[in-house]
Amino acid sequence: MKKYIILICGLMISATSCKKFLDLKPLDSYTEETFYVDEKGLQGGLVTCYDALQTDSLYGNNFLTLAELRGDNLIDNDPGSGAGVRNQIEVFSETSANSIISASWMGHYKAIYRCNIILDRAAGISMNENTKSQIIGQAKFIRALSYFNLVRIWGNVPLVLKVQKTEEARQNTRATTAQVYQQVIDDLKDAAVKLPATWAAAQRGRATNFAATALLGKVYLYQKRYDLVATTLQPVVAAIYNGTTIATVPQNLTFPDNLKTSKDIIFAVQYLMGGVREFVNQDNRYRNNNNTNIISIPQSLYETEDNRRALVAATGTGGRPGKFNSPQVNNETSGDFPILRTTDVLLMYAEALNETSYGNTEAFKALNAVRSNANASLKTALLLTSTSEFRTAVYLERRLELALEADRWFDIVRTNQMSVIFPGIPAFRSLYPVPQVEIDNIINKSGYQNDGY
């Protein structure tokens with residue numbers, strides 16, 4: 001019961017048996033009615049939105065399995081581990097009963113539910129309007145990020161934009177991919193207007209205007225709306241070249257220990273050592289624990305002097321890749337997980353400009369800014385003589401630059417490389433199955449499962 005309550009209605013529990021339990025809570029305990037009534041409650045609720053991203057269901061573990069283990073940078077060499085649920089994902093044999101898939105689905109909707117509470121309650125709270133606007137912008141950014149992940153993993157998904165009671169949630173149907181993407185775009189456009197370019201040092205890590213704009217550009221990239229990718233990202237690219245607030249930083253100076261301060265990081269999920277669920281288990285950063293995780297990106301793809309090469313080298317038993325090998329205490333690490341970086345933006349910009357018109361000097365400039373940052377040789381029009389050759393170079397650069405950052409599987413799918421990299425795997429496996437636990441709780445089950453499952 002707890003699993004679907006978290007997904008469908010969060011704290012809005014209306015089942016009769018639960019009402020009796022809730023009525024027994026001490027009178028001084030917070031409820032939704034007594035917590036979200038002032039600025040302090042709204043700010044506290046916003047923290048829970050960020051906290052949702054940290055959990056094992058999302059960037060703490062399971063989302064990385066869906067986004068990286070599925071691809072070709074990582075191997076699970078222990079098929080029996082965890083009753084085989086991870087291995088199922090790697091070998092394309094997962095079913096709707098897979099616990100990693102269901103946990104990630106529920107984790108994303110938990111984040112959305114928390115954001116919806118903020119957005120539902122903010123209008124009725126008397127407080128500084130600029131502060132309120134920034135809170136709304138952050139909630140919309142996190143909701144947009146959550147839906148962007150959902151649509152990439154499952155395609156059509158329920159589009160829930162307000163706090164629901166259980167019986168309302170049982171009536172949900174799946175929105176189309178186009179509808180979900182439009183909502184993500186709407187949220188990010190509004191967030192970009194409401195969010196500042198920077199935060200005070202004590203608040204570093206909150207979503208910014210740069211984060212919302214960069215993610216919006218990425219959404220357009222997935223829709224192949226290349227003209228909008230370029231125009232949306234151009235001001236972010238200009239800021240990167242300027243280097244005052246955000247800038248390229250060699251990966252070996254950012255990873256693994258300077259993610260919290262590097263100008264390369266536009267947005268990351270942050271962790272604190274030893275906090276209550278504010279840390280991440282070191283195993284969940286691709287630790288080679290009895291050959292469970294083997295980094296399989298070929299070292300030969302990198303040039304010898306490339307400063308990214310050693311960060312993703314294969315590790316021995318007990319080790320983590322250099323990219324995420326931040327210090328651990330009691331099996332915990334406070335290493336952040338990057339979601340948007342400056343080099344990702346530059347590569348998206350280069351890709352979009354090339355798809356619009358080959359030979360654009362700004363496309364070569366952006367691509368070479370990434371390669372220069374990595375101490376790799378530069379590309380010229382003599383080496384990349386066509387749109388196709390430039391495209392192939394950008395695709396490879398994304399694999400090298402963003403290795404193990406939960407982009408590889410989605411890049412394989414969006415660039416139509418799945419049939420080449422994984423020949424013989426049915427095309428329907430480009431999406432994951434909708435969890436059966438979700439379907440069981442929906443009244444109209446027709447069309448709720450993805451084709452092929």
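Biologist: How far apart are the end C-alpha atoms of helix H12 (residues 226-242)?
Modeller: They are 24 Å apart. This is a predicted model, where local features need pLDDT of at least 70 and side-chain atom pairs 80 or more, while totals for chains, interfaces and linings use all residues. Residues are numbered from 1 along each chain as its sequence is written, and side-chain values use heavy atoms, without hydrogens or water.

Biologist: Why does 24 Å agree with what H12 should span?
Modeller: H12 has 17 residues, and at 1.5 Å a residue (times one less than the number of residues) they should span 24 Å, so the two agree. Helices here are DSSP runs of H or I, at least four residues, and strands are runs of E, at least two, numbered from the N terminus.

Biologist: And where is the kink in H12?
Modeller: At Gln234, shortly before the proline Pro235, with a bend of about 45° (the angle between axes fitted to the seven residues ending there and the seven starting there).

Biologist: Which H12 residues are buried?
Modeller: Tyr226, Val229, Ala230, Thr232 and Leu233 are among them, and after the kink also Val236, Val237, Ala239 and Ile240. Buried means under 20% relative accessible area with a 1.4 Å probe, protein chains only.

Biologist: New topic: how many residues of strand S7 are buried?
Modeller: Five of the five, so S7 is largely enclosed by the rest of the structure.

Biologist: In which sense does S7 pair with strand S2?
Modeller: Antiparallel, over four bridges to S2 (residues 265-269); pairing takes at least two DSSP bridges.

Biologist: Nice! Which S7 residue is the bridge partner of Ala268?
Modeller: That's Pro338.

Terms used:
Buried < 20%, exposed > 50% of the residue type's maximum accessible area, 1.4 Å probe, protein only.
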